[in-house]
Amino acid sequence: MSEKIWSASALARTIHEYEIRWTQYDWPIDWQAVFGRPGPLRLEIGFGNGSFLAEQAEKHPEANYIGVDISWSSVSRLLKRLHKSNLTNGRAAELPGKLALQTLFPQSSLDEIVINHPDPWAKDKRFTKVIIQPEFVRLLASRLQPGARVTIATDHVKYAARIVRVLENQQDIRSCFDTTFVHSLPGRTPTKYEQKFLDVGQPIYYFVWEKPEQCQIDLPTSISPFGDMPNILFKVPDNAEVSLEFEPCTICESHEGLDYVIKFLRAYQQTDHNNQLIEVLAIEGEFTQQFGIAILQREGECLLKLAQVGHPRPTHGVKRAVWHIGKLLRQQNPELEIHSNCVEPFD
Ligand SMILES: C[S@@+](CC[C@H](N)C(=O)[O-])C[C@H]1O[C@@H](n2cnc3c(N)ncnc32)[C@H](O)[C@@H]1O
């Protein structure tokens, strides 16, 4: 793709048109509404420069394509590509593939999944951090429609051996060939990464596996549904001044089989008021949110609520963070009376 200089407004329009701001949707996403039409839903994980996805979208105008990648520079390249080719059936989102499968796609919703040259981690000799793991394959299979396929390509011989072991030791999907992998796929256009290896005569390992028609896997989305925004309102007798003595700390909890890590990072004080803002990181499985909890004081009241910073989703971890700050505030200021608490009781 020739690099054109993008004006800020052209880029903003392109982002608005093609990027999926996934944290701002209800999950799983209603993809038919996103694309404004029904159609086979196809996902590429880790699309790099986006050329493969854009080409597929052009070749198959009847299908709807979503690409997810953890790199914003990859996402912005795909957005520009989709815009330049005027493709209305492609979208891109910046998030890890596992989280995308866990949250954004209903069970049995995908017509195809493609993972081209996933990153092997150079120092991870036992391949414990790579994306192709047994539980990932089960998750992936749960999101495929019966009869739908996943294609994984790698040039990395040790990673290929690892993929062989993972795929051969699971029962949810099966190879479309007599062999576990093949070295050529007729009609395939190589990705940018793949071409580099083909140019030096290095073999590529293609795994094309499908979910059998009768296969059913029950793996619902793993982030708890969002409820109300977590607010706690205290009455402050005699208009006393409320303050929170803050020390950074980390709290680890688990709830319904999911581990939560809540890190209270730092506190900011508003100069001309007693208001404070606590900066928090909530890590819930694969999902991380960085946000602010505001402690706002006004006549006879002290309100704890989520600040606009980071636009957090009110997940269980976020609610627990508000609860912990509320509890600490009350311990340090015993005169506070709870007026309303839509998180959970303190005692
Ligand atoms: C080796 S590059 C391959 C790019 C492209 N698929 C190709 O074949 O040319 C790996 C890509 O995967 C992305 N990536 C790495 N880990 C990821 C993850 N967990 N979820 C989604 N994308 C990921 C990287 O940002 C990068 O764009």
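Visitor: How many residues of the shell around the ligand are nonpolar, polar and charged?
Guide: This is a predicted model, where local features need pLDDT of at least 70, side-chain atom pairs count only at pLDDT 80 or more, and totals for chains, interfaces and linings use all residues. Residues are numbered from 1 along each chain as its sequence is written, and side-chain values use heavy atoms, without hydrogens and water. Asp, Glu, Lys and Arg count as charged, Ala, Val, Leu, Ile, Met, Phe, Trp, Tyr, Cys and Pro as nonpolar, and the others, Gly among them, as polar. Sorted this way, the shell has five nonpolar, eight polar and three charged residues.

Visitor: Which residues come nearest to the ligand?
Guide: A residue belongs here if one of its heavy atoms lies within 4 Å of the ligand. There are 16 around it, and those that come nearest are Gly46, Asp69, Gly97, Asn116 and Thr191.

Visitor: How far is the polar side-chain atom of Thr191 from an oxygen atom of the ligand?
Guide: Let's look at polar contacts, pairs of N or O atoms within 3.5 Å. A polar backbone atom of Gly97 is 2.9 Å from a nitrogen atom of the ligand, and a backbone N or O atom of Asn116 also lies 2.9 Å from a ligand nitrogen. For Thr191, the side-chain atom's distance to a ligand oxygen is 2.7 Å.

Visitor: How far apart do the C-alpha centres of domain 1 and domain 2 lie?
Guide: The bounds come from an automatic or database domain assignment. Domain 1 covers 8-210 and domain 2 covers 232-341. Between their C-alpha centres, the distance is 38 Å.

Conventions. A polar contact is a pair of N or O atoms within 3.5 Å; within protein, one must be able to donate a hydrogen and the other to accept it, and residues adjacent in sequence count only if both atoms are side-chain atoms.
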